[in-house]
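Please look through the sequence and the model before reading on. The report is meant to be read beside them.

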Amino acid sequence: MQEIFSINWLLWLSTMAPLTLSAGPGNLMVATSGAQSGVRRSVQFIIGLDITYFLLAVLVGLGLYHTLMNSPRLVWVLQVLGSFYILWLGVRLLRRPLKAPGDKAIHLQFRDGIVVQLGNVQGIVMLMVMFSTFMPSGETSSSTVLILSAALISLNFFSHVVWVSMGSSVQRLIHARPKLLVLQNAVFGLMLIAVAVWIFLRTGPL
């Protein structure tokens, strides 16, 4: 486990913390889930996001990035599918105020976390940056990949807790003022649609 001491952890934290805490697609989805369902019911979605991201981190660290660099069509398909899925979730939120008050709330599940994370190609790019920057020089070992991946997922989970808590505070406000539900659905729905459009525009032509 000597690899732990060969990584500049202070530099790693100062680089990766702003990236994981920023308002990316995953964090916005987590905040939306917190506002819609609360912290407890968002746990499955967060676990789906983070387990998928951990597996992607390990694969990228072990060499998946070479495959992705040689398969631009695969990257394009993943990004387009992810943008359309987030767009669909945003439209669902916008349509919700038109439904009857007794309709069930939309709760994001474990599988939703998997799909959202697989479509978040920006997250994969962040993994490439991390491993290319902080992987100790010399032969790559699986233990180093696991250490960096586990550290990133721990930071990612902390970020998700922060964002879901912020979303949950919105939910408590809505319980006190139910009429704000329509406004909340519109705001978060438009935010998700904007994220989907942003991801789609960044894909560029195939």
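The paragraphs below take up the annotated spans, one helix, one glutamine and a surface patch.

This is a predicted model, in which local features need pLDDT of at least 70 and side-chain atom pairs count only at pLDDT 80 or more, while totals for chains, interfaces and linings use all residues. Residues are numbered from 1 along each chain as its sequence is written, and side-chain values use heavy atoms, with hydrogens and water left out.

The unreviewed UniProt entry lists several spans as "transmembrane region", among them residues 6-24 and 146-168; such annotations may be inferred rather than shown by experiment. Helices (H or I, at least four residues) and strands (E, at least two) are DSSP runs, numbered from the N terminus.

| Span | Helix | Strand | Distance between end C-alpha atoms |
|---|---|---|---|
| Residues 6-24 | 68% | 0% | 30 Å |
| Residues 146-168 | 100% | 0% | 32 Å |

Helix α5 covers residues 121-134. Ten of its 14 residues are buried (under 20% relative accessible area, with a 1.4 Å probe and protein chains only), so α5 is largely enclosed by the rest of the structure. Among these buried residues are Gln122, Gly123, Phe131 and Phe134.

Glutamine 117 sits in helix α4, residues 110-118, and is likewise buried, with a relative accessible area of 5%. Leaving aside residues up to four places away in sequence, glutamine 117 touches Leu49, Thr52, Tyr53 and Leu56, where contact means heavy atoms within 4.5 Å.

Isoleucine 47 lies in helix α2 and is partly exposed (between 20% and 50%), with a relative accessible area of 36%.

How values were computed:
Expected span 1.5 Å × (residues − 1).
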